[in-house]
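Reader: I have just opened this model and would like to understand the words people use for it. Could you take me through a few of them?

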Amino acid sequence: MKITVIGAGYVGLVTAVCLAELNNNVLCVERPSFDLSKLEKGISHFYEPELDELLAKNIKGNRIEFTVDLDKAIDFSDVIFICVGTPQSDTGKADLSQVENIARQIAKRLNSYKLIIEKSTVPVNTHQWVKKTIKRYAHSDLDFDVASNPEFLREGSAVSDFMKPDRIVVGVESDRAKRVFKEIYSPFIEEGYPVLITTPAASELIKHAANSFLALKISYINMVAELCEKANVDINMVADGIGYDKRVGRAFLNAGIGYGGSCFPKDVKAFINIAEEHGVDFTLLKEVERVNSKKRIDFVKKVEEVLWINKDKNIAVWGLSFKPNTDDIREAPSLDIIRELSNKGANLRLYDPQAITNFKSVFPENNRVKFFKNKYDAIKNADALLILTEWDEFKKADLDKMETLMNLPIIIDGRNLYKSNKMEKFEYYNVGRGKINELEVLK
Ligand code: UDX
């Protein structure tokens, strides 16, 4: 199939590459100011495991091309995925100007039936506006469909999330649109992945409701962790204990310093806003946000409780990205925590496997903030180590070596990475593990 993907950002590029991998002919378009040279060489402009290999493979196989010519991209196919940004405005409301602009451009070039698919996360009933806009600006009364097909890709595992989805959600209004989706997703249908056909409005809402629910799970477990810490109970045992219930599930019950990233904070805010616009006061989600912000403040308080005075202390930090396997620092807890500690006059020694370049653009190096290429260099002479992201390489770090390198063997772990029986040499603090215990399942 010939498919156009508008936008080569996170969602757009992953979608385009994966659709090419499924043997489609994909043309992916970016704005004129975008430099395509790296992409054309098979190198993506952000770090995502597996993506570059697939990109290079599909360029070689002539299944994917890039352009900055939007008209050409619209003319290229009858199936158009809109993957442009829907950033958050000051009020939390999604800014849909890019979606609207694309709808107008499509309208101008409408010369045959087209299926226009919203993949960007948009408020419920946006499809109606897209439809109305196309109708208003079109020069002909040619038939077209607007559908919703939200992405559920996690950064760091986006390619495998696309290729092995829990479900694919499609919101359509016509049989014709449904048939096109059936063709696009036939490899998944054949392999038994659930492809759910809903209405466009339900599909749009599913995306916000899904992400908000996951954020809610995180804030919930973080509050239970707060109680565990006071009651001297290990939160991991509690999370396992409730997670074994299939109705609850263990995923997204890892306590820590809360969620960040380009999706959860934005989507929770947008969902509260959407509800408000419909006259629904979603206080539950407001509390989710409040708890999430509080976790960052609590962590800084904990550092102060442990180290007493922060000024002039050498504090090493492992982990700057909002989660592992990405270089993304958007809304990362590290930003607030490091800003706060830097305000208190601490000397910060920062390390992350991927996110240093991005972090430096927000926090340039100075005499109090230093970046290190190696995690062990970062902890040399440190009075404490803070762990802010759950990268695998931190879990596997050489604890004996760490202890010899540090000035004081103090670890304040915001992601609960280590097992109790390995930490005797350290003053080890975590989030909600109280007296650390390991759960045993009798066999
Ligand atoms: C999320 C959704 O999972 C994905 O479906 C959607 O399409 C985009 O938003 P992503 O932002 O990549 O994906 O990150 P995710 O893996 O969901 O983690 C989000 C945040 O929650 C991270 O900061 C992570 O550290 C935190 N988290 C996650 C926890 O604090 N505890 C958990 O148990 C799980």
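Reader: Why is C18 called buried?

Author: Happy to explain, and please keep in mind that this is a predicted model. The label needs a relative accessible area under 20%. C18 has 0%, so C18 counts as buried.

Reader: And what makes C28 buried or exposed?

Author: The test is the one just used: C28 has a relative accessible area of 0%, so C28 is buried.

Reader: How do you know whether C28 is bonded to C83?

Author: A disulfide needs two cysteine sulfur atoms within 2.5 Å. The closest cysteine sulfur to that of C28 belongs to C83 and is 7.6 Å away, which is too far, so there is no bond.

Reader: How many disulfides does the structure hold?

Author: Zero. C18, for instance, is in none, and its nearest cysteine sulfur, in C83, lies 11 Å away.

Reader: Why is C263 called partly exposed?

Author: Partly exposed covers the range between under 20% and over 50%. C263 has 25% relative accessibility, so it falls in that range. UniProt, in an unreviewed entry, lists C263 under "active site". You will find C263 in the loop between α11 (235–243) and α12 (264–277). Leaving aside residues up to four places away in sequence, C263 touches N211 and V268.

Reader: How do you know that the length of helix α13 agrees with what a helix should span?

Author: Helix α13 (residues 283–307) has 25 residues, and at 1.5 Å a residue it should span 36 Å. Its end C-alpha atoms are 36 Å apart, so the two values agree. W308 follows α13 and has a positive phi, near 65°.

Reader: What makes both faces of strand β4 covered?

Author: Side chains in a regular strand alternate between the two faces of the sheet. In β4 (residues 79–82), V79 and F81 lie on one side and I80 and I82 on the other, and all of them are buried.

Reader: Which strands pair with β4, and in what sense?

Author: Strand β1 (residues 2–6) pairs with β4 in the parallel sense over three bridges, and V5 stands opposite F81. On β5 (residues 114–118), four bridges join it to β4, again parallel, with I82 opposite E118. From β4 the chain crosses through helix α5 (residues 97–109) to β5, a β-α-β crossover that is right-handed.

Reader: What does UniProt place at residues 316–420?

Author: An unreviewed UniProt entry places "domain: UDP-glucose/GDP-mannose dehydrogenase C-terminal" there. The span is 31% helix and 18% strand, and its end C-alpha atoms lie 21 Å apart.

Notes:
Residues are numbered from 1 along each chain as its sequence is written. This is a predicted model: local features need pLDDT of at least 70, side-chain atom pairs count only at pLDDT 80 or more; totals for chains, interfaces and linings use all residues. Side-chain values use heavy atoms; hydrogens and water are left out. Buried means under 20% relative accessible area, exposed over 50%, partly exposed in between (1.4 Å probe, protein chains only). Helices (H or I, at least four residues) and strands (E, at least two) are DSSP runs, numbered from the N terminus. Two strands pair if DSSP finds at least two bridges between them. A crossover is right-handed if, with the strands pointing away from the viewer, the path from the first strand over the helix to the second runs clockwise. UniProt positions are given in the numbering used here, feature names are shortened, and annotations may be inferred rather than shown by experiment. The expected span of a helix is 1.5 Å times one less than its number of residues. Contact means heavy atoms within 4.5 Å.
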